[in-house]
Amino acid sequence: MIPAAFEYTKPSSLDEAVRALADGGEDAKALAGGHSLLPLMKLRLATPTLLVDIGELPGLRGVQRENGDVRIGALTRHVDLQSSPELGIWSLAASQIADQQVRNRGTVGGSLAHGDPASDPPTVFRTVGGSATLHGPSGQRSVDAAELFEDYLTTRVAQDEILTEIRVPALDGYGYAYEKFTRRAEDWAMVGVCVVLRTDGDTVADVRVGLANMGSTPLRATAVEDALRGQSTGAIASAAEHAADGTSPPADLNASADFKAHLARVLTRRALTRAAGLGG
Ligand code: FAD
């Protein structure tokens with residue numbers, strides 16, 4: 001439970017931080033809330049030689065609305081989202097992350113850069129869409145939410161890049177729901193389902209469904225979306241049956257692949273029903 005020895009630096013600007021990461025080479029790592037990185041270091045599953053503490057860099061914590069979009073700074077903590085109900089699905093999902101201690105320290109940017117498919121913020125980002133801004137030695141670039149997550153714990157954030165913010169659609173007028181099945185209270189999702197949905201009378205005008213822990217990255221349940229878009233809300237139960245289509249979730253200590261597929265279908269029906277305002 002004691003990490004390997006490492007150097008530590010705490011730059012005071014974004015440029016300095018990027019330079020420290022670039023100079024430190026492949027074994028230098030950014031440290032934000034530390035709630036994913038430090039446990040890995042204690043287990044010696046990660047052995048960075050340099051930690052670049054970005055946790056208090058100025059200007060990266062907070063949420064702003066801008067032309068129908070919402071900008072969420074990378075150092076915004078889960079607790080900030082949890083305590084902002086006007087952020088809809090982001091607030092609801094944040095309130096289901098672990099316990100208050102984790103939510104007080106963990107950051108949105110850290111969760112997205114870490115890219116755990118069982119985590120909640122990556123699933124919300126993959127569901128609602130938008131883009132992430134990355135700063136590196138050669139400047140700034142933008143990566144679409146659909147492209148950010150490459151594989152298990154692997155994202156498009158390069159070793160010498162810092163994710164500074166995400167821009168996501170505000171989704172005014174959308175219903176939303178986040179259904180998460182855990183074996184123990186306050187745990188990662190065995191399976192999680194994120195839904196944002198807009199109805200026009202009884203018709204589902206737009207729907208997006210995301211899945212946590214059903215593959216090596218967060219996924220979109222496009223077969224459900226296609227089966228429901230433009231249909232009556234009465235089609236929710238039959239559409240939800242497609243939740244596991246095209247997925248091959250890995251079995252783990254908690255659940256077989258078949259059980260995860262079953263959970264995905266049940267949780268999707270519940271989430272769609274709730275997001276459509278039909279109870280559930
Ligand atoms: P850190 O641990 O500091 O960093 C994680 C990784 O991202 C590192 O590789 C780091 O180099 C990199 N990184 C961090 N910030 C940036 C950045 N801005 N740009 C580039 N790279 C960056 N999460 C859930 O979603 N749901 C849960 O139920 C859940 N349960 C948890 C239970 C426990 C007991 C613990 C300890 C954690 C849990 N988490 C859960 C994870 C938690 O949400 C973490 O806070 C989050 O995943 C990582 O954020 P962080 O700021 O702590 O990142």
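Me: Helices are DSSP runs of H or I with at least four residues, and strands are DSSP runs of E with at least two, both numbered from the N terminus; which of these elements each supply at least two residues of the shell around the ligand?

Reply: This is a predicted model, in which local features need pLDDT of at least 70 and side-chain atom pairs count only at pLDDT 80 or more, while totals for chains, interfaces and linings use all residues. Residues are numbered from 1 along each chain as its sequence is written, and side-chain values use heavy atoms, with hydrogens and water left out. The elements in question are strand S2 (28-31), helix H6 (108-114), helix H7 (120-128) and strand S10 (162-169), and H6 gives the most, with four residues.

Me: What makes a residue count as lying around the ligand, and which residues come nearest?

Reply: One of its heavy atoms must lie within 4 Å of the ligand. There are 31 residues around the ligand, of which Ala 30, Gly 34, His 35, Leu 37 and Thr 107 come nearest.

Me: Why is the approach of Ser 119 to the ligand called a polar contact?

Reply: A polar contact is a pair of N or O atoms within 3.5 Å (within protein, one must be able to donate a hydrogen and the other to accept it, and residues adjacent in sequence count only if both atoms are side-chain atoms). A side-chain N or O atom of Ser 119 is 3.4 Å from an oxygen atom of the ligand, so the pair meets that limit. Ala 32 meets it through a backbone N or O atom, 2.8 Å from a ligand oxygen, and a backbone N or O atom of Gly 34 also lies 2.8 Å from an oxygen of the ligand. Taken alone the ligand exposes 960 Å², and the protein buries 90% of that (accessible areas by the Shrake-Rupley method with a 1.4 Å probe; for residues, only the protein chains shown count as cover).

Me: Why are S1 and S2 called edge strands of their sheet?

Reply: Two strands pair if DSSP finds at least two bridges between them, and here three strands form an open, parallel sheet in the order S1-S3-S2. Strand S1 (7-9) and S2 each have a single partner strand, so one side of each is left without a neighbour in the sheet. Neighbouring strands are turned by 25° against each other on average, direction ignored.

Me: How do you know that S1 and S3 pair?

Reply: Three bridges join S1 to strand S3 (residues 50-53) in the parallel sense, and at least two are required, so the two strands pair. Among the bridge partners are Thr 9 and, in S3, Val 52. Helix H1 (residues 14-24) packs on this sheet, touching S1, S2 and S3, with its direction at about 170° to that of S3; contact means heavy atoms within 4.5 Å, and angles run from 0 to 180 degrees between N-to-C directions of lines fitted to C-alpha atoms, for helices over the stretch in contact.

Me: What makes Ala 98 and Leu 171 unusual in phi?

Reply: Most residues other than glycine have a negative phi. Ala 98, in the loop between helix H4 (89-94) and helix H5 (100-105), has a positive phi of about 40°. Leu 171, in the loop between S10 and strand S11 (175-181), has a positive phi near 55°.
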